[in-house]
Amino acid sequence: MLKAFGARIAPLLTLLLALAWAGTSAVAQNAETPVRGGTLNVGFNDDAKTMDPIYSVQWSERQILFLIYNTLFRIAPDFSLEPELVKSWEMENDGKRVVLHLQEGVKFHDGTDFDAEAVKWNLERRKDEKANSPQRNQLTVIQTIDVVDKNTVALNLEKPFPPLLSALADRAGFMVSPTAYEKNPEEFGNNPVGTGAFIFKEWVRGSHVKLDRNENYWEEGLPYLDHVVFNDISNAVIGIQRLMTGEIDFVAQLSPQDVRLIQNNPDIKLDPIKVGQWYSLQWHWNEPPFDNPKLRKAIAHALDRNKINEILWAGTGTVSNGPTPPGLWWSPPATDGYVYDVEKAKALLAESGVPAGTELVLSAPTDNLLRQLDQLVKEQVEAIGLKVTLDPVAQSEWYARVVDKKINFTPMRWTQRADPDGLLYILFHSKGYANTTGYSNPEVDRLLDEARAIDDTAKRKALYDQVHQHLLEDLPYVPVAFAAEFVAMNKDVHGFQWIPDLIPRFRAMWKAE
Amino acid sequence: MITHIARRLLLMVPNVVLLTFILFAAVTNFLGSPAAIMLGQEASPEAIAALNAQYGFDRPVLVQYLDWMGNALQGDFGRSYANRTSVADAVLPAIPVTLELAFWAIALAVVAAALINSIPVLRKTIGTLVSGLSIVGITVPNFMIGISLIYLLSVQMRWLPTTGWVPWSQGVVPHLTHLIMPVLTLSAFYFGSFTLVYRAEYRAVYRQLFIKVARAKGLSETRVSFAHALPNSILPVITYVGLSLGQLVGGAVVTETVFSMPGVGRLFVNSIGTHDFPVMLAIGMLIIVGVMLMNLIADIVYTMVNPQIRLG
């Protein structure tokens with residue numbers, strides 16, 4: 001009887017299951033198909049300062065800038081470089097002349113044409129000493145700019161410089177409307193005009209920034225959303241609560257601790273990137289006591305990076321042996337690095353001649369994560385017989401004091417760049433402008449100089465491998481980890497893609513049930 | 001009365017000069033030059049030095065201050081370093097937000113403290129509860145109250161929007177719903193302290209002869225309370241409002257930050273983060289002058305409520 005019932009019910013069940021499966025796959029398919037319309041509310045955890053890209057220094061601002069403006073090049077999810085406002089390009093004169101062929105028919109939001117003159121104007125404005133643009137450094141290699149024709153512009157360089165193109169994929173490459181700027185230069189930062197997928201609509205400082213869809217956007221089919229609104233949230237806790245109530249759809253820059261509350265929430269999707277910012281400790285490499293290589297190595301062995309990763313990032317980070325994470329074309333071969341070994345650390349300290357009980361002052365910026373990191377470092381370094389005093393410094397003045405070399409020993413974090421030169425040169429070349437450790441190794445300088453002047457990726461990688469080896473030996477920084485980082489979004493939000501510079505792009509996202 | 005007000009206003013000038021100078025010296029000394037912040041984490045030392053020279057950050061503090069004060073007296077507060085637009089454009093829209101928040105918070109606290117503690121029935125039934133709430137309002141930090149309210153009323157109950165600000169022009173209801181939690185948060189402390197001050201005075205007044213006379217005349221307990229005890233007990237609260245305006249500024253900073261309100265307090269916090277001296281100083285001056293003026297107003301109101309007190 002039961003068997004018969006089973007035999008009768010089985011096809012029905014199969015049918016139901018098949019229907020259910022068809023249903024879910026239909027839903028899945030829908031989610032893959034972009035839908036037009038809707039407003040994306042983004043939680044924006046840092047007040048924007050200016051929409052004039054040549055003065056932008058805030059991390060968060062760029063989320064908005066990437067919507068209002070286009071860059072000449074763009075960074076793909078695999079960190080390769082793609083053309084954006086540039087259609088194609090070629091190198092002439094042994095790499096000393098870069099010819100850019102521009103997209104045709106692109107218009108700024110004010111209706112004026114985007115053309116070679118506009119590119120020249122934008123780059124020259126950044127290069128102008130009087131403008132004091134933070135991006136000027138990245139463009140000094142450009143000596144002159146020729147407008148070849150309406151859609152072709154050529155950059156004449158002092159020397160071949162491949163990393164220039166990746167700078168043009170970021171802040172230095174945002175193109176603003178010269179006409180709109182010249183109409184009201186003083187207020188341009190409040191009334192931005194670009195060629196981007198969204199048009200600036202309204203900015204209430206401390207509250208929100210609203211953008212409207214650009215109906216005449218030049219990239220076929222884009223964008224999908226009607227509006228993007230960046231809503232100010234003072235911190236991640238508030239951001240998560242607003243996400244839970246559905247008031248906002250998207251929050252970035254969340255740590256593993258931040259996302260605990262929403263980890264199992266069916267209405268919220270979490271998207272982690274394993275390799276986030278590089279966390280390390282830096283010191284004055286050429287000044288006592290850190291000019292002693294054995295002391296540096298003793299501290300490197302004293303750190304239990306796995307434990308730090310476990311406590312700070314719930315084990316989701318990646319322990320680091322250098323500034324470059326695995327998976328990029330210039331990543332060095334895997335190495336054991338400085339494994340946690342208290343005995344070895346103690347032995348190195350004894351050899352170094354630095355007396356036990358020597359006091360090291362570690363700066364403690366008022367950032368929760370950095371402060372926690374400092375606490376752990378203190379505990380672990382004290383275990384080998386040194387004394388660590390934490391020196392509290394306000395977050396807002398911390399970096400300024402690092403630049404002034406008023407802080408000797410401090411935690412640090414950096415985001416990856418699309419080209420190895422972007423980070424390695426500025427941190428480790430003796431002339432690098434973010435070289436705040438005083439690190440100077442003529443061999444490293446030579447390798448970095450050579451690597452930035454050649455175009456062959458394989459050859460460059462070989463040079464960067466050697467740089468990484470030197471860094472491991474010289475320890476201008478003690479590498480700690482690459483932090484895990486999350487974005488969280490409403491389940492109806494689709495089309496998000498991680499770019500390794502960690503800045504969310506919303507141009508190709510959409511909302512659909 | 002008029003001479004008194006004029007004298008008080010004149011006295012404000014040296015006070016404002018002294019306090020703004022202290023503020024100026026403190027921010028330029030402790031925070032250091034804004035050039036490094038303006039140029040970002042990748043600035044070269046040369047670029048920072050050049051910008052320092054261009055903006056005159058390398059001059060002595062006194063010279064920088066006199067320069068700033070001279071312009072400020074002519075109504076020119078300079079341009080914001082962070083976004084390179086005029087300071088007035090940044091600060092003016094923020095003022096009404098903060099004033100409205102502060103007004104509702106103080107009004108709610110004064111009215112609630114006076115009413116709840118004067119209605120005889122309430123005094124008897126929920127007196128202990130109100131005492132407890134007062135202690136909570138005074139001791140629990142502002143941001144804790146704010147975040148708890150958000151969790152309770154927005155996340156759990158879904159009654160109110162979590163944070164943000166909607167101007168009157170976009171609708172009265174959204175404006176008010178966005179305002180409720182910040183006002184409750186900011187008024188919690190004041191409700192607590194006003195209750196304690198008011199109660200102590202109310203009890204003292206209640207023991208006085210004229211209350212007994214009023215009762216003897218056969219007036220109801222409510223009438224006695226509202227017509228006789230309340231007006232005589234409210235005076236110390238008014239003084240207290242005047243004295244606690246400085247704290248109000250601190251409370252507004254925290255409340256505006258928690259609720260993402262585009263007010264002066266939040267602007268101030270943000271300008272500290274970017275070492276935006278022109279904005280910080282303009283807000284500092286606004287707060288200093290504002291608190292002094294409000295104290296003066298509190299004094300005037302005090303004399304109006306109790307004409308026995310003479311201004312001298």
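Let me start with a definition: two strands pair if DSSP finds at least two bridges between them. Keep that in mind for the first stop. One caution as well: this is a predicted model.

Start with β6 and β7 of chain A. Six bridges join β6(A) to β7(A). The two strands run antiparallel. They form a hairpin, with two residues between them. Want a landmark? Find Ile142(A), which stands opposite Leu157(A) in β7(A).

Now the other partner of β7(A). That is β5, residues 97-102 of chain A. β7 itself covers residues 152-157. Here the pairing is antiparallel over five bridges. Again, a landmark: Arg97(A) stands opposite Asn156(A) in β7(A).

Let's put the strands together. In what order do the four strands of the open sheet come? The order is β4-β5-β7-β6 in chain A, with antiparallel pairing. The edge strands are β4, residues 86-92, and β6, residues 142-149. Each of those two pairs on one side only. From one strand to the next, the twist averages 20°.

Next, look for a helix against these strands. Helix α3 of chain A, residues 116-127, lies across β5, β6 and β7 of that chain. Relative to β6(A), α3(A) runs at about 165°.

On to the interface between the chains. How many residues of chain B are in contact with chain A? The number is 46, and they touch 41 residues of chain A. The area buried between the two chains is about 3,500 Å². Carbon and sulfur atoms give 50% of that area.

What about charges? Between chain B and chain A, the count is three salt bridges. One of them joins the side chains of Glu187(A) and Arg79(B), at 3.9 Å from N to O. For polar contacts between the chains, the count is eight residue pairs, with both residues at pLDDT 80 or more.

Which parts of chain B make up its side of the interface? Six helices of chain B each supply at least two residues there: α1 (2-31), α2 (35-39), α3 (45-55), α8 (142-156), α13 (245-258) and α14 (264-273). The largest share, five residues, comes from α8(B). By class, the side of chain B that touches chain A has 22 nonpolar, 18 polar and six charged residues.

To recap: chain A has an open sheet of four strands, α3(A) lies across β5, β6 and β7, and α8(B) gives the largest share of chain B's side of the interface. That's my tour.

Definitions and conventions:
Residues are numbered from 1 along each chain as its sequence is written. Chains are lettered from A and ligands numbered from 1 in the order in which they are written. This is a predicted model: local features need pLDDT of at least 70, side-chain atom pairs count only at pLDDT 80 or more; totals for chains, interfaces and linings use all residues. Side-chain values use heavy atoms; hydrogens and water are left out. Axes are lines fitted to C-alpha atoms, for helices over the stretch in contact, and angles run from 0 to 180 degrees between N-to-C directions. Contact means heavy atoms within 4.5 Å. Buried area is the accessible area (1.4 Å probe) that two parts lose on being put together, summed over both. A salt bridge is a side-chain nitrogen of Lys or Arg within 4 Å of a carboxyl oxygen of Asp or Glu. A polar contact is a pair of N or O atoms within 3.5 Å; within protein, one must be able to donate a hydrogen and the other to accept it, and residues adjacent in sequence count only if both atoms are side-chain atoms. Ala, Val, Leu, Ile, Met, Phe, Trp, Tyr, Cys and Pro count as nonpolar, Asp, Glu, Lys and Arg as charged, and the others, Gly among them, as polar.
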